[in-house]
Amino acid sequence: MSEPNTPRPYGPVPSPRQLRWHRREFYGFLHFTTNTFTDKEWGYGDESPSVFAPTDFDVDQIVRAAVDAGMTGLILTCKHHDGFCLWPAKYTEHSVKNSPWRGGKGDVVREISDACQAHGIGFGVYLSPWDRNHADYGRPAYIDYFRNQLHELTSEYGELFEVWFDGANGGDGFYGGANEVRRIDRKTYYDWENTRAIVRRNQPDAVMFSDAGPDVRWVGNEKGIAGDPCWSTINVDLLFPGIDVDSFKTQFTTDMIAAWNSPMELLNAGDRHGDTWLPAECDVSIRPGWFYHAAEDDKVRTPANLVDLYFHSVGRGASFLLNLPPDRRGQIHKHDVQSLRGFRQRLAQIFAVNLARQATCTASNTRGNRPQFTPVNVIDGDPESYWASDDDVHTPELILEFVQPITFNVVSLREYLPLGQRVDRFAIDFDENGSWREWVAASAIGSRRLLRGPDATTSRVRLRIVDSPVCPAISEWSLFHDVS
Ligand code: FUL
């Protein structure tokens, strides 16, 4: 009899670049431009480059704030809707090269990307497709301009982990002095197939974000909250009626911006039976606005609120993209830094000790009884190892047994993602006076599932796979006790 081998993948699976992205989990946005100095959220496009004048730009302070908070990367608004470029862009005068900052010799993109590299975190670029400054916006000539910019950013600033395309598109603006409303056909204007090819060519490892991918999707709100559950799969046919799925994945023939109008609930929850791996990213600002406004200095999110957002994003298999707006000095305001520190400390406290590592781990079924799939793999700290059952066993159980009773109130689970999102429903039970009591029941595990609940003191904890179309493949099961 041949030995059972690796389970067959179930449904869509992540690409290598998506898998690498899943590991980032928590990273930051930097919204910084002329808006910082004009106190706006959306610049009209007629701002003079001279208004961009940070008084004490300190790239190290900015990147350190992110690193100290545990962020794994930073995405900079290299160009927001107002069209002002934070790098000395070759194809426009509307950039830092005409600002008084550093005598017109400055390059915010270069400084941030270098500092990210020096601190060992990833760097990504936000390039707004909508440009309220450019005279040609809405005409074919602008597409060449936009592509030239995309080429500059993706070829001259080192390795990028993510390229971010915003969905806001077309409306009133300066447009080189025309001061009018310009509408574009979102389906055709950007010719995304060829535009995105620039990124693939220059940065093959970078993921592209837009409302609908192709690599990472919007979560459907700007509150930092993914659906419960939030499936990493989605049916692109529902986002784009009539789309050919293969061409979506390989040829990019879709108009991703069309998804701006797609159902927010669908983006938020994903689709269990979706045909495409398109995980969600939760973008949210640490303040009410995306850009710095002194009037919001006392409206910074609290550490407790940031912890909640972490559980509602990373803890539901999505990523947490938290915006930090540099102020007019060109630094992260001390209130934001304090809050980030508090958040980091809280996470460090919660995840200080993985109690599961002290346990003996046994399973009701282990695939072929082979050491390769041993239940111990869920507590070994190795993301590449996993526990799996035989193909015909879809609802097995895992038990953690402790010599002394432990108290837990936080659970972390991960599926082995290269084999897809397999488990539909599961429950965690604990032994209370010799009988099992359910602690939580939930849907979807995916990249990561974090659950919080009441304190449970026990010598045995059970993971029950309740519903799964195939055998599970679980790479992590951790228990923590949040004592705060
Ligand atoms: C939105 C933009 O319009 C906001 O200004 C901000 O950049 C946010 C992240 O995306 O669509």
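Is Ser412 buried or exposed, and what is its relative accessible area? Keep that for the last stops.

**Before you start**

This is a predicted model: local features need pLDDT of at least 70, side-chain atom pairs count only at pLDDT 80 or more, and totals for chains, interfaces and linings use all residues. Residues are numbered from 1 along each chain as its sequence is written, and side-chain values use heavy atoms, with hydrogens and water left out.

**Stop 1: the two domains**

Select 16-350 and colour it as domain 1. Select 355-480 and colour it as domain 2. These bounds come from an automatic or database domain assignment. Taken over C-alpha atoms, the domain centres lie 36 Å apart. Domain 1 brings 21 residues to the contact and domain 2 brings 19; contact means heavy atoms within 4.5 Å.

**Stop 2: the interface**

Show the surface between the domains. About 1,700 Å² is buried there, with carbon and sulfur atoms giving 52%. Buried area is the accessible area (1.4 Å probe) that two parts lose on being put together, summed over both. Now pick Trp231, Arg272 and Phe311 in domain 1. They lose the most area to domain 2, together 31% of what that side buries.

**Stop 3: charges and polar pairs**

There are 6 salt bridges between domain 1 and domain 2. A salt bridge is a side-chain nitrogen of Lys or Arg within 4 Å of a carboxyl oxygen of Asp or Glu. Select Glu25 and Arg414: their side chains form a salt bridge at 2.9 Å, N to O. The interface also holds 12 residue pairs in polar contact, both residues at pLDDT 80 or more. A polar contact is a pair of N or O atoms within 3.5 Å; within protein, one must be able to donate a hydrogen and the other to accept it, and residues adjacent in sequence count only if both atoms are side-chain atoms.

**Stop 4: helices on the domain 1 side**

Select α1 (16-22) and α10 (303-313). Each supplies at least two residues of the domain 1 side that touches domain 2. α10 gives the most to that side, with 4 residues. Helices (H or I, at least four residues) and strands (E, at least two) are DSSP runs, numbered from the N terminus.

**Stop 5: Ser412**

Select strand β15 (residues 397-415), then Ser412 within it. Ser412 is buried, at 0% relative accessible area. Buried means under 20%, exposed over 50%, partly exposed in between (1.4 Å probe, protein chains only).

**Stop 6: its partners**

Add Arg448: its side chain makes a polar contact of 3.3 Å with that of Ser412. Add Glu476: here the side-chain polar contact with Ser412 is 2.8 Å. Leaving aside neighbours within four places in sequence, Ser412 also has contacts including Leu450, Trp477 and Phe480.
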